[in-house]
Amino acid sequence: MGEIKVSPDYNWFRSTVPLKKIIVDDDDSKIWSLYDAGPRNIRCPLIFLPPVSGTADVFFRQILALTGWGYRVIALQYPVYWDHLEFCDGFRKLLDHLQLDKVHLFGASLGGFLAQKFAEYTHKSPRVHSLILCNSFSDTSIFNQTWTANSFWLMPSFMLKKIVLGNFSSGPVDPMMADAIDFMVDRLESLGQSELASRLTLNCQNSYVEPHKIRDIPVTIMDIHLLQFHGTKYAAIDPSMVSAEELEVQKGSLGISQEEQ
């Protein structure tokens with residue numbers, strides 16, 4: 001069992017923040033699962049959208065830290081949606097149900113793409129105040145799988161999991177990153193066939209973000225790619241510019257961010 005799953009922080013999170021389930025579509029099989037933490041009087045919260053392999057609780061460390069500083073944070077887990085328009089319409093209904101007119105969106109990988117598509121979808125009546133994108137993308141063609149996107153629903157669960165696991169780091173990693181990978185693999189195992197198939201479909205279905213429709217939204221892009229090389233001969237930064245304390249913080253951030261891939 002991974003260290004994260006049995007850690008005091010994770011157990012504290014699960015025992016203090018309730019998991020809510022909400023249906024907003026006519027189809028009662030489409031259930032949004034979410035953690036809503038922090039002051040309820042905040043009407044423009046930060047909402048976390050997970051990657052293909054993620055569940056709502058992969059953001060538990062961010063939730064614990066941010067709510068401790070007074071932020072309202074909502075972490076989501078998607079129902080089964082098969083196209084981006086259907087997802088955006090369902091997400092809009094969820095925000096209406098939560099009585100949230102404007103939100104800040106943090107999206108990791110697929111979550112970042114869906115956040116951009118929702119901002120694009122609502123550009124005439126804006127619902128997204130800002131975007132934070134972590135290891136995300138704006139065009140699904142980069143995966144070279146648009147031609148197979150409509151066949152994921154036919155694949156058995158073990159094959160879908162194999163596709164997702166192929167994107168996880170397989171080489172030597174430090175213990176913190178190894179724990180993060182173990183945690184994400186555990187979360188992946190909790191997802192059913194239709195959940196995985198629909199997420200991979202959204203991830204690879206031929207689509208791109210129309211930049212002119214989100215150009216007025218503040219966007220922060222997080223890319224941890226170069227951090228993994230700090231302290232090695234392949235570092236892209238002068239080692240003298242990075243203190244030992246800062247390096248440890250960055251390594252910690254890298255380990256946490258791997259949960260969102």
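Leu 46 is found in strand S3. The model is predicted. In it, Leu 46 has a relative accessible area of 15%, so this residue is buried, the limit being under 20%. Leu 46 touches many residues beyond its sequence neighbours (those up to four places away are not counted). Among them are Leu 66, Arg 72, Val 73 and Ile 74. Leu 46 also touches His 104, Leu 105 and Phe 106. Ile 132 is another contact of Leu 46. Take Val 73 as an example. In sequence, Leu 46 and Val 73 are 27 residues apart. In space, their C-alpha atoms are 5.0 Å apart.

Next comes Gly 38. This residue is found in the loop between strand S2 (32–37) and strand S3 (46–49). Its relative accessible area is 25%, so Gly 38 is partly exposed. Gly 38 touches Thr 67, Tyr 71 and Arg 72, again leaving out residues up to four places away in sequence. Arg 72 is also touched by Leu 46. Gly 38 and Gly 70 lie 32 residues apart in sequence, with 6.5 Å from C-alpha to C-alpha.

Now to Ser 130. Its place is in strand S6, which covers residues 128–134. Ser 130 has 13% relative accessibility and therefore counts as buried. The side chain of Ser 130 makes a polar contact with the side chain of His 104, at 2.6 Å. Neighbours within four places in sequence aside, Ser 130 is in contact with Val 103, His 104 and Leu 105. Ile 217 and Pro 218 are also in contact with Ser 130. His 104 and Leu 105 appear among the contacts of Leu 46 too.

The accessibility values of these three residues can be set out together.

| Residue | Relative accessible area | Class |
|---|---|---|
| Leu 46 | 15% | buried |
| Gly 38 | 25% | partly exposed |
| Ser 130 | 13% | buried |

The helices are the next topic. Two packed helices are described by the angle between their axes and the distance between the axes. Helix H5 (residues 157–165) packs with helix H6 (residues 175–189) at an angle of about 155°. The axes of H5 and H6 are 11 Å apart. An angle over 145 degrees counts as roughly antiparallel, so H5 and H6 are roughly antiparallel to each other. Their crossing is right-handed. In this contact, Lys 161, Val 164 and Leu 165 of H5 meet Val 185, Leu 188 and Glu 189 of H6. Those residues divide into four nonpolar, no polar and two charged.

H5 also packs with helix H7 (residues 193–204). Here the angle is about 45°, and the axes are 9 Å apart. That makes H5 oblique to H7. The crossing of H5 and H7 is left-handed. From H5, the residues in this contact are Ser 157, Leu 160, Lys 161, Ile 163 and Val 164. They meet Gln 193, Leu 196, Ala 197 and Leu 200 in H7. By class, the contact of H5 with H7 has six nonpolar, two polar and one charged residues. Lys 161 and Val 164 of H5 meet residues of H6 and also residues of H7.

Finally, the whole chain. The chain has eight helices and seven strands. Of its 261 residues, 47% count as buried. Consider contacts between residues at least 6 apart in sequence: 79% of them join residues at least 24 apart. The pair Leu 46 and Val 73, 27 residues apart in sequence, is in contact.

Definitions and conventions:
Residues numbered from 1 in each chain as written. Predicted model: local features only at pLDDT ≥ 70, side-chain atom pairs only at ≥ 80, totals over all residues. Heavy atoms only, no water. Helix = DSSP H or I, 4+ residues; strand = E, 2+ residues; numbered from the N terminus. Buried < 20%, exposed > 50% of the residue type's maximum accessible area, 1.4 Å probe, protein only. Polar contact = N/O pair within 3.5 Å; in protein donor to acceptor, adjacent residues only side chain to side chain. Contact = heavy atoms within 4.5 Å. Axes fitted to C-alpha atoms, helices over the stretch in contact; angles between N-to-C directions. Parallel < 35°, antiparallel > 145°, perpendicular 65-115°, else oblique. Left-handed = near helix turned anticlockwise from the far one by under 90°. Nonpolar A, V, L, I, M, F, W, Y, C, P; charged D, E, K, R; others polar.
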